[in-house]
Amino acid sequence: MKRLYRLMMLAAGTRGRQFLTALRASVVGSVAQAAAYGVLIGLIHELAQPDVDSAAAWTWFAAFVALYAAEAVCRMSELRFQYHEWAQVMSDLRLELGEKLRTMPLRDLEKRAAGDLSAVVGGNVAYASMGASHIAFLFLQAAIVPVVLVIVILAVDWRVGLVLLVTLPAALPFVRGIQRRSGEGQRAGAAADAVASSRIVEYVQALPVLRATGQAGASSRRLNEALQHQTDVMSTTQKSLTLPSIVATTAMQIGIVMAVAVGASLVIDADLSAALLVALVVAAVKLAEPLANTASMIAVFELSEASLERIAEIMDSEPLPAADIDTRLDRFDISFDNVTFRYHPSDPEPVLDALSVTLPARSLTALVGPSGSGKSTISKLVTRYADPEAGTVRIGDADLRGVAPREIYRHVAVVFQDVYLFNDTIRANIAMARPGATDEEVETAARAANVHEFVTRLPHGYDTRAGEIGGALSGGERQRVSIARAILKDAPIVILDEPTAALDSASEVAVQEAIGALVAHKTVLVIAHRLSTVVGADQILVIDQGRVAERGTHTELLENGGRYAGMWAAQTSARRWRVTATAGA
């Protein structure tokens, strides 16, 4: 009951006061329900007398009606919470999760698959909130009604009551077994559900690849493995609950049978009236009914608690600390001072190792180097993806650990290589950079990014939907829409994560022109694999194993004859590469 109460209050959240009111009503209603059966026994006993005292009978009947009326009023309070407040409990919980996801460090957020988060915000919230509605009230009835009825039966005939008091507790160890096994199964099931949800999202998003490799449908190994594991976990849990559920139910039934046997012997000995025995048996059956339903309620309760634990994993995530959330950025040079960073504390080697670089305001700095050298990590730390384990990242003279993330994002625009567009209109996808922007402002940004030309050819112009993840547009078109979004934001710092790497020549020219409009008079950090795109950079940093191996302009680095010069020579040579075909015999 302590676990149940803790679960209920956590799930009720801001609706805790209303929930406690409904709980009190449920307690009173359960006592009234059980007492009504006691009064019914008195009424039956009176009616079975040779000379019925009508005044006493009507008194018993009036008490019976009053108790049931009191129960009805209390149940109305329960229903009011269930059907009015419960939906708000779920809504509040989802909003709290949304706020936590908004403030969660991106490093923590990236650890969770999209399907996993969808399962938590969707199904787990619904299951957890059940602990603050139907299940809570059913548990109270299951605990209170039997206790009151045992007291009533003991008062009417201590011998029948004693039989029930001795036999029914025999089911409790098996109920505890159901609780333990159900808890383990529900936690394993919640984890399996999360994996399955992630694999389903992965399957839908990767269908073109799966079709091309012949792994769609029944051939999708990863999805089938997740679904089979989900089925195995559910089956194992159900099988483990079968025996203790049967034994617990059987123990309760044996208790009622023994009570009937003792009562029947008392009737035969004329020590108990037949009518009173019938009333006691009805009360005993009503006593066992909520106990028999406890097994199924425990399974739902454990599901609620398992769901709440998954929600708590997210809610317990600490946001990045901000010493002074009122700090305002007014200078836009960027500096890394002896920055060391690991993605995981257990990693043997840091991704960045005592890195020190400076990006002057209104300059273009290019990061080049092999994959895994730390280039993307540098760009992430500028947006406070996470805090370094040593050293300092500054924008102007402000240490980012003392700046609220929203203030950083207000001054930074990012154009990624893999563009994400929402399944909304092109106008809405651009305007999300600055809510409230007028149509004219959106169109101006679109023209600067070379978007307007292809948009006017679309069936509905700017009101054409981009499709899921922007699938209705080509790669170059998606990239230009994302640049238009950044232009509309007009942030003083721009980060470009190889925005032209996957484009054809024609699209690259259009995107390069759009980038030119975006970066004018900004502090620009560009990650480049194609060196020809950064020959005009103010400084080029060659990153290798988390350190700056070389720095300088394109001309200076070529003259030095170091790593950059070797990379340039390799890419220049690769341009002359051709595919040749050999005809077979």
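At 61% relative accessibility, Trp-58 belongs to the exposed residues of this chain; exposed means over 50% relative accessible area, buried under 20% and partly exposed in between, computed with a 1.4 Å probe and protein chains only. The structure is a predicted model, in which local features need pLDDT of at least 70 and side-chain atom pairs count only at pLDDT 80 or more, while totals for chains, interfaces and linings use all residues. Residues are numbered from 1 along each chain as its sequence is written, and side-chain values use heavy atoms, with hydrogens and water left out.

**The chain as a whole**

The chain contains 21 helices and 10 strands. Both are DSSP runs numbered from the N terminus: helices are H or I runs of at least four residues, and strands are E runs of at least two. Of the 585 residues, 45% are buried. The accessible surface amounts to about 29,000 Å², and carbon and sulfur atoms hold 59% of that area; such areas come from the Shrake-Rupley method with a 1.4 Å probe, where for residues only the protein chains shown count as cover. Among contacts (heavy atoms within 4.5 Å) with a separation of 6 or more, 77% join residues 24 or more positions apart.

**Annotated spans and an aromatic pair**

An unreviewed UniProt entry carries the annotation "transmembrane region" for residues 58-74, 135-154, 160-178 and 243-266. UniProt positions are given in the numbering used here, feature names are shortened, and annotations may be inferred rather than shown by experiment. In the model, residues 58-74 are 100% helix and 0% strand, with end C-alpha atoms 24 Å apart. Residues 243-266 are likewise 100% helix and 0% strand, and their end C-alpha atoms lie 35 Å apart.

How many aromatic pairs does the chain have? The count is 4, where rings of Phe, Tyr and Trp (its six-membered ring) pair if their centres lie within 6.5 Å; planes under 30 degrees apart count as stacked, over 60 as edge-to-face and the rest as tilted. Trp-58 and Phe-61 make an edge-to-face pair, with 5.7 Å from centre to centre and 85° between the planes. About one helical turn separates Trp-58 and Phe-61, because they are 3 residues apart in helix H3 (residues 54-103). Phe-61, at 38% relative accessibility, is partly exposed.

Elsewhere, ring pairs connect Phe-341, Tyr-343 and Tyr-385 in a cluster. Over the ring of Tyr-385 sits the charged end of Lys-380, 4.8 Å from the ring centre; this description requires NZ of Lys or CZ of Arg within 6 Å of the ring centre and within 35 degrees of the ring normal.

**Nonpolar cores**

A nonpolar core is a set of buried Ala, Val, Leu, Ile, Met, Phe, Trp, Tyr and Cys residues joined through side-chain atoms within 4.5 Å. The largest one has 42 residues, and those with the most contacts inside it include Val-368, Leu-496 and Ile-540. Helix H18 (residues 475-489) gives the largest share of this core, 6 residues. Apart from this core lies another of 31 residues, including Ala-34, Tyr-37, Leu-149 and Leu-272. Leaving aside residues up to four places away in sequence, Ile-540 touches ten residues' worth of neighbours listed as Ala-366, Val-368, Val-534, Glu-550, Arg-551, Gly-552, Thr-553, His-554, Leu-557 and Tyr-564.

**Selected residues in strands and loops**

| Residue | Location | Relative accessibility |
|---|---|---|
| Val-393 | strand S4 (residues 390-395) | 4%, buried |
| Ser-335 | strand S1 (residues 334-341) | 16%, buried |
| Arg-384 | loop between helix H13 (375-382) and S4 | 3%, buried |
| Gln-545 | loop between strand S9 (539-544) and strand S10 (547-552) | 66%, exposed |
| Ala-528 | loop between strand S8 (523-527) and S9 | 2%, buried |

Among the residues that Val-393 touches beyond four places in sequence are Ser-335, Phe-336 and Leu-381. Ser-335 in turn touches Val-357, Thr-358, Thr-392, Val-393 and Arg-394, with the same exclusion of residues up to four places away.

Most residues other than glycine have a negative phi. Arg-384, however, has a positive phi near 55°, and Gln-545 has a positive phi of about 55°.

Ala-528 and Glu-498 are 30 residues apart along the chain, yet their C-alpha atoms are separated by 5.1 Å. Glu-498 is also one of the residues that Ala-528 touches, together with Leu-367, Val-368, Thr-533 and Val-534, not counting residues up to four places away in sequence.
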